[in-house]
Amino acid sequence: MPAVVAPWVRTRLRAAPGAALALALLVVVTACLAGAFPRAVDRYEDAGLVHALHQARPERTTLRVSPPMPLYDMSGDDPGALLRPGVLKRQYEKLLGAVGGSLSVDRGQSAYGIATQTGTAVPDPFIPRPSGLLAHVQLVAQSGLAGHSDVREGRLPRTSGPVDAASPEVEAAVTAATAKSLHIKVGSVIHVPGVGRGPLAVRVTGILTPRDPGGAYWSTVPLLRTPSLVPTPPPGPPQTYWLGALLLPLEAAPALPGLRGEPSRYWYFAPDLGGLRAHDLDRLRSAVASLESGPGLRRARTITGEDTDVSTALDDDLAAFSRLRSRIAPLVAVAAAGTATVAVVVLLMAGGLAADRRRTELALLRARGASLPGLTGRLLAETAVVAVPAGAAGLAAALLLFPGARTGPAVAAALAVTLTACAALPLRAALAHRAVRVTAAREDVTAVRPSRRRTVAELTLLALAAGAVATLRRGGTSAGQLVSLAPVLTGVIAALLLLRLHPLLLRRLARPAGRLRGAVGHLSLARAGRAQAFAVLPLLALLTALTTAAFGGSVLAGVAEARDRAALLTVGADARMDATAALPADLAARVRALPGVHGVAAASITYEAKPLDGEDTVPLVGVDPAAYGRLTAGTGLRTFPAGELKNAKTLPALASPSIAHAYGTRQPFLVRLGDGSAVTVRITTVLDRTPAVPGADFLIVNRAGLPDAAVRPTTLLLTGAHVDADALRRAAPASVTVQTLDEVRSRYADSPLQTGAGHVYTAAVAAGAGFAVLALLLALLRAAPERAALLARLRTMGLTRAQGRRLLVLESLPQALLAAAGGTLTGWTAIRLLSPGIDLTTIALTSAQPGVNSAALHPDTWSLTAPAITVVVLTVGVAGAQAWWTGRRGSVRELRAGESR
């Protein structure tokens, strides 16, 4: 009868289901995090790109195809033939194929037509004339008018027959905003002067409401939906006139060549923002460049004419986003590299723990003739049966949690985790059982000396870390991918250095401890000094996690500090109320009575003040010295003595450095106010910043010394806790602008790119901390059987339970203190070394803010100390819990001869 051989994998999984389940859970979580990271980055970068283009507005992002020549300059007997709707539509479809092959186009917001490029003065008397100047109109015949608007009054314009350059009248529509500003009604007739012909009568048949005013159809040329007051160019007194658009049906386009205003054709192609992806940014920029001055432009000219021009500001917006992303990505990569390092260490430690627990079994198999490749293959199959399905489950969870992003990077990351988990146990076992031994060799630091290979590896890591730090200090975060590993490499070097030094330190401490009463202190230090060489992995994980956490926490603290400062410099207080004219006399009293308001400082600000009657203007601020001094002291900005701003014939003034440099601090000078009155001031004190003015230029004087017309306050600066913005707006007239510190600060976090990077950074640091804790628990779990046996043996020699608890706590405390102190010092060193090359402004603020030139990275005390203290507390707590549990179980099992430890 043939022998029945039990399957290896099934037998091992049945023998240790708990270990298999723990490994599966570890791989699921790690693979899920690894797969989620690139997809989360893709999602916030895509959202950031769409947000940036939305902020840029369609007038910048729309691709414009237009011949530069006006129609009445074209050669040919009938230029109107090119303006027939059929001809324009056929050209539009061909251009759409040329443009759409390179760039995703939103057909619903794209359009074509003909329009006058400049406004033409119209003499109709019913149109307002603010400065006595005639209003101007532009005539636009654009496709798709019926599909993008709703008729509010009247009907849509149409043509009743053929239209050409000699047609005396056409119909048009206007938007509700144009009708309101230009006093146009249904039935109004506007006479547009012609060239070599009589004026064209444009009869308004309908008033329209845009369905999507912010869309590219209406916002590529905002004049289509909203008229504007246009100032006349200098020289001469400032005057304004109205400029509006008359919307003609596309069939009326042939009437425009006989008019002034340089009528010409155009085709507008709006990019489909929903189809844009940040990882395609280089391809998008190349496509836009091709359309502007490459093969795409040649195709467009083949369709529409040799002089056709393609223009857009989309390439500038894409380049600006690319620069911002390139500055943020290395900071996020720092957290990712740290977390990935700790995760790999945990997977290796899990494999090492499994190999150590099965050391006797594997040694027996080798002694009975098992080959090393065969044993390694069986262990690989055993691990793969658990790890591969777990990795697939983690990847599936990542794909479900973060939809709408690339799958390839997530699959690669989850695959790397799965392969690491599969290889950890076989490789550890192969290294431990290369030779067949009857007894296991010692692996503490007294027996395992650093080899030459280890020394070379450590020196290589040291060189890499030094190069990364030097590169980052010189070139900043844009200097390359290696700089993302600089904090991690610094932590690795510190871990290897501490592993070489800590046995010597502990042995020196053990000698004086041996002279103390009792054996617990000396024994604990002696055992800690003979820690197993396996402790390199947990120490590496702890130091890397502590360095990354300190670096990440300092980054987040620096971001918050930069936003707080930018908001403070913008608002100047906890809340601010501004008006272009004088505020109501009783407004300060009403505001002071509102809940949460503690103080009110009134200021009168004249932005048109001209020192020495020159052309340059400077904000002149009149304040009450006592109230304004208290406000300045409360904001943390540089304050001044209240008696310094006296009311005198020559007013003492506080000035910014630029104003003091321009006008001097010794001689008084005259300042002309906006109403024509004047004051004489002399600069006595120079301040870098002041709460009343967000900008860097200002003059501050005593309000009581200003002319009567300039005394009344135009600004109120409020201090208090939890100031209610809605209550302030209800108390103030509609013309008053209200800003609060919290509202302004929240606007800095509106960009998905910055906020997404901050969230991913926080999540990565938190995951790294979790893996570090798991590494610590695995290290303690590996040593648990040995410690339990030691306590059992010592208890037979008279060791009490209290002494046993102290022994385990004191034995684990040196390494915990070493890791905590080393992690804190390494984190501080890494931040100090790398801070010159890191500017947090790009991740903190959505745009440049006055007074915030750069946000430097500096060590954050809480981020340095809190993780280190957590490590010490957790280590001591686990050691104490182990001693308590061992004391409750008794010592019989640990003292059995031949039992596996």
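The paragraphs below lead through two helical regions and one group of strands in a predicted model.

A good place to begin is helix α7, which covers residues 281-293. Its 13 residues reach 18 Å from the first C-alpha to the last, close to the 18 Å expected at 1.5 Å a residue. Along this helix the buried residues are Leu 281, Leu 284, Ala 287, Val 288, Ser 290, Leu 291 and Glu 292, a list in which Ser 290 and Glu 292 stand beside leucines, an alanine and a valine. An α-helix has 3.6 residues a turn, so residues three or four places apart point the same way. The cover over the buried residues of α7 comes from several elements, including the helices α2 (17-56), α4 (85-100) and α8 (295-304), the strands β1 (63-66) and β12 (309-311), and also helix α9.

Helix α9, one of the elements that cover α7, runs over residues 314-357 and packs against helix α12, residues 408-432, at an angle of about 35°, with the two axes 8 Å apart. The crossing in which α9 passes α12 is right-handed. On the α9 side the contact is made by Leu 347, Leu 348, Gly 351, Gly 352, Ala 354 and Ala 355, and these meet Val 417, Thr 420, Ala 421, Ala 424, Leu 425, Arg 428 and Ala 429 of α12. Taken by class, the residues of this contact divide into 9 nonpolar, 3 polar and 1 charged.

The strands can be followed from β14, residues 599-611, which is joined to β15 by 5 bridges in an antiparallel arrangement. Within this pairing, Ala 603 has Val 623 of β15 as its bridge partner. The two strands form a hairpin with 6 residues between them, and in the turn Leu 612 has a positive phi of about 55°.

Strand β15, residues 618-623, also pairs with strand β19, residues 699-702, here in the parallel sense and over 4 bridges, with Val 621 standing opposite Ile 700 in β19. β19 in turn pairs with strand β16, residues 650-655, in the antiparallel sense over 2 bridges, and there Leu 654 stands opposite Ile 700. Ile 700 of β19 thus has Val 621 opposite it in one pairing and Leu 654 in another.

How many of the residues of β15 are buried? The strand is mostly covered, with 6 of its 6 residues buried. Val 618, Leu 620 and Gly 622 point one way from β15, while Pro 619, Val 621 and Val 623 point the other way, and all are buried.

Methods: Residues are numbered from 1 along each chain as its sequence is written. This is a predicted model: local features need pLDDT of at least 70, side-chain atom pairs count only at pLDDT 80 or more; totals for chains, interfaces and linings use all residues. Side-chain values use heavy atoms; hydrogens and water are left out. Axes are lines fitted to C-alpha atoms, for helices over the stretch in contact, and angles run from 0 to 180 degrees between N-to-C directions. A crossing is left-handed if the near helix is turned anticlockwise from the far one by less than a right angle, and right-handed if clockwise. Contact means heavy atoms within 4.5 Å. Ala, Val, Leu, Ile, Met, Phe, Trp, Tyr, Cys and Pro count as nonpolar, Asp, Glu, Lys and Arg as charged, and the others, Gly among them, as polar. The expected span of a helix is 1.5 Å times one less than its number of residues. Buried means under 20% relative accessible area, exposed over 50%, partly exposed in between (1.4 Å probe, protein chains only). Two strands pair if DSSP finds at least two bridges between them.
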